[in-house]
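Take a look at the sequence and the structure below. Then read on for a guided walk through the chain.

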Amino acid sequence: MELEWSWLLLGLPIAFVLGWLASRLDWRQMRMLQRSSPRTYFQGLTYLLNEQQDKAIDVFVEAVQSDPDTVELHFALGNLFRRRGEYDRAVRVHEHLLARADLSGADRARAQFDLAQDFLKAGLLDRAEAALQKLDGTALESQARLALLYIYERVHDWPQACQLLDKMTPLDGQPLPPALQGRLVHYLCEQARTAMQRKDYAEAQRLLDVALATPQAGVRPRIEQVDLLLLQGCERDGIEAILHLADAEPETLALLAGKLVNLSLDADQRTRAHAMLQQHYAQQASLDVLLALVALEQQQGNPRASDWYIAHLHQHPSLVAAARWLEDQPAHADLQPMLEKAAQPLLRYRCVQCGFETRHYFWQCPGCQSWESFPPRRIEEL
């Protein structure tokens, strides 16, 4: 019994010393990790601020390899890979995060959204769509749905885009935000145009009626309505629709002026069209209206119709007007082709969002996918 008590009295100090040493080692290791981790962050951030992305990636990769549990470093590394266009490496980083069982719900949703962005930037739209659909019910659901809208617009899947907007309608009965209502109008008009191409005029009319009933309808459904009437052979109704629309919405006349002149106008319609073009040109000297005004007077047999170009040049120096005036001047026939070629780039439309230029007017920019980003005025007027 005395032997056991002696061993016990001897073992207590030894156990205390060993415990103290173990705690000191754990504390020292934890302090070393706390010091090394911020140092890695700061070193990587320094490289990023100095636009040395290669060195920043090397630092972050080394940190992730030494401490695989560092979630934020994984996110930083994945975003760096995506910015550099190394989408396969970004995908591997985010898929590695999603494979971890200890990842929190918020971080899992964030990794899923970043993975979808990797696929989207890489042009893998079907995989991006599948990744975004998994975010339903998470905190990133609204952002994921906006990204899905972008995908459906890219692939021109207008019915899917409309269905997604239905899901985005607030549950309390409130309408969609005005920006999303405007998108819905364009989706319906795009479907109506597709129906016109396959000559399903009844379906096109139904879609345009829905678009016109939307609070943010704008002018596009009424312009599409004009095209529908003309395709159905209702030219007189189409002409009347153009005249009424231009009277109610003067800014649309620049888009409709050329179409109006190319239609078969009777004497009364020609008089009304000429008065409307002249009045609009006096309020705003639009190139499209000027060209339509001259063409209309030439149809009426006015030999001095091109004098409009001279009057325009006195007020607004214009290479386009000068080139068109030279068309009726035989003495300068050798100059006209060169001037016309120089004026062609000035007849384009330019997107105010990305600067994309095109000869034809688009409701959605082919470059940046923005809606109604082309002013209905030519580059020379801007």
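The paragraphs that follow move from the whole chain to helix packing and then to single residues.

This is a predicted model. The protein chain has 18 helices and 2 strands. Of its 382 residues, 40% are buried. The accessible surface comes to about 21,800 Å². Carbon and sulfur atoms hold 54% of that surface. Now consider contacts between residues at least 6 apart in sequence. In this group, 46% join residues at least 24 apart.

Start with helix packing. Two packed helices are described by the angle between their axes and the distance between the axes. Helix α14 covers residues 267–283, and helix α15 covers residues 287–299. Their axes lie 10 Å apart, at an angle of about 145°. The crossing of α14 past α15 is left-handed. Which residues of α14 and α15 meet? On the α14 side they are R270, A273, H274, L277, Q278, H280 and Y281. On the α15 side they are V289, L290, A292, L293, L296 and E297. Sorted by class, this contact of α14 with α15 has 8 nonpolar, 3 polar and 2 charged residues.

Helix α14 also packs with helix α13, which spans residues 253–261. Here the angle is about 145°, and the axes are 12 Å apart. This crossing, of α13 past α14, is left-handed. From α13 come L253, A257 and L260. From α14 come A273, M276, L277 and H280. The contact of α13 with α14 has 6 nonpolar residues, 1 polar residue and no charged ones.

H280 deserves a closer look. This histidine lies in α14. Is H280 buried or exposed? H280 counts as buried because its relative accessibility is 7%, below the 20% cut-off. Setting aside neighbours within four places in sequence, H280 is in contact with P250, E251, L253 and V289. L253 belongs to the α13 side of the α13 contact with α14, and V289 to the α15 side of the other contact.

Next comes a helix with much of its length covered. Helix α17 runs over residues 319–326, and 6 of its 8 residues are buried. Those buried residues are V320, A321, A322, A323, R324 and L326. Note that R324 is in the list.

Another buried charged residue is E153, by class and by a relative accessible area of 1%. E153 sits in helix α7, residues 141–154. What joins the side chains of E153 and Y187? They share a polar contact of 2.5 Å. Leaving out neighbours within four places in sequence, E153 is in contact with W158, R183, Y187, Q364, Q369 and W371.

D107 is found in helix α5, residues 105–121. Its side chain and that of S104 make a polar contact of 3.2 Å. Beyond neighbours within four places in sequence, D107 is in contact with V71 and F75. The step back to V71 is 36 residues along the chain. Even so, the C-alpha atoms of D107 and V71 are separated by 8.2 Å.

Now turn to strand β2, which holds T358. T358 counts as buried because its relative accessibility is 9%, again under 20%. A polar atom of the T358 side chain lies 3.2 Å from the backbone oxygen of H360. Apart from residues up to four places away in sequence, T358 touches R348, Y349 and F374. The C-alpha atoms of T358 and R378 are 9.9 Å apart, with their positions 20 residues apart along the chain.

The segment after β2 (357–358) contains P376. P376 is partly exposed, with a relative accessible area of 25%. Its value falls between the cut-offs of 20% and 50%. P376 touches E251, A254, L255, Y349 and Y361, not counting residues up to four places away in sequence. Y349 is also touched by T358, and E251 is also in contact with H280. P376 and F362 are 14 residues apart in sequence, and their C-alpha atoms are 9.6 Å apart in space.

Terms used: Residues are numbered from 1 along each chain as its sequence is written. This is a predicted model: local features need pLDDT of at least 70, side-chain atom pairs count only at pLDDT 80 or more; totals for chains, interfaces and linings use all residues. Side-chain values use heavy atoms; hydrogens and water are left out. Helices (H or I, at least four residues) and strands (E, at least two) are DSSP runs, numbered from the N terminus. Buried means under 20% relative accessible area, exposed over 50%, partly exposed in between (1.4 Å probe, protein chains only). Contact means heavy atoms within 4.5 Å. Accessible areas come from the Shrake-Rupley method with a 1.4 Å probe; for residues, only the protein chains shown count as cover. Axes are lines fitted to C-alpha atoms, for helices over the stretch in contact, and angles run from 0 to 180 degrees between N-to-C directions. A crossing is left-handed if the near helix is turned anticlockwise from the far one by less than a right angle, and right-handed if clockwise. A polar contact is a pair of N or O atoms within 3.5 Å; within protein, one must be able to donate a hydrogen and the other to accept it, and residues adjacent in sequence count only if both atoms are side-chain atoms.
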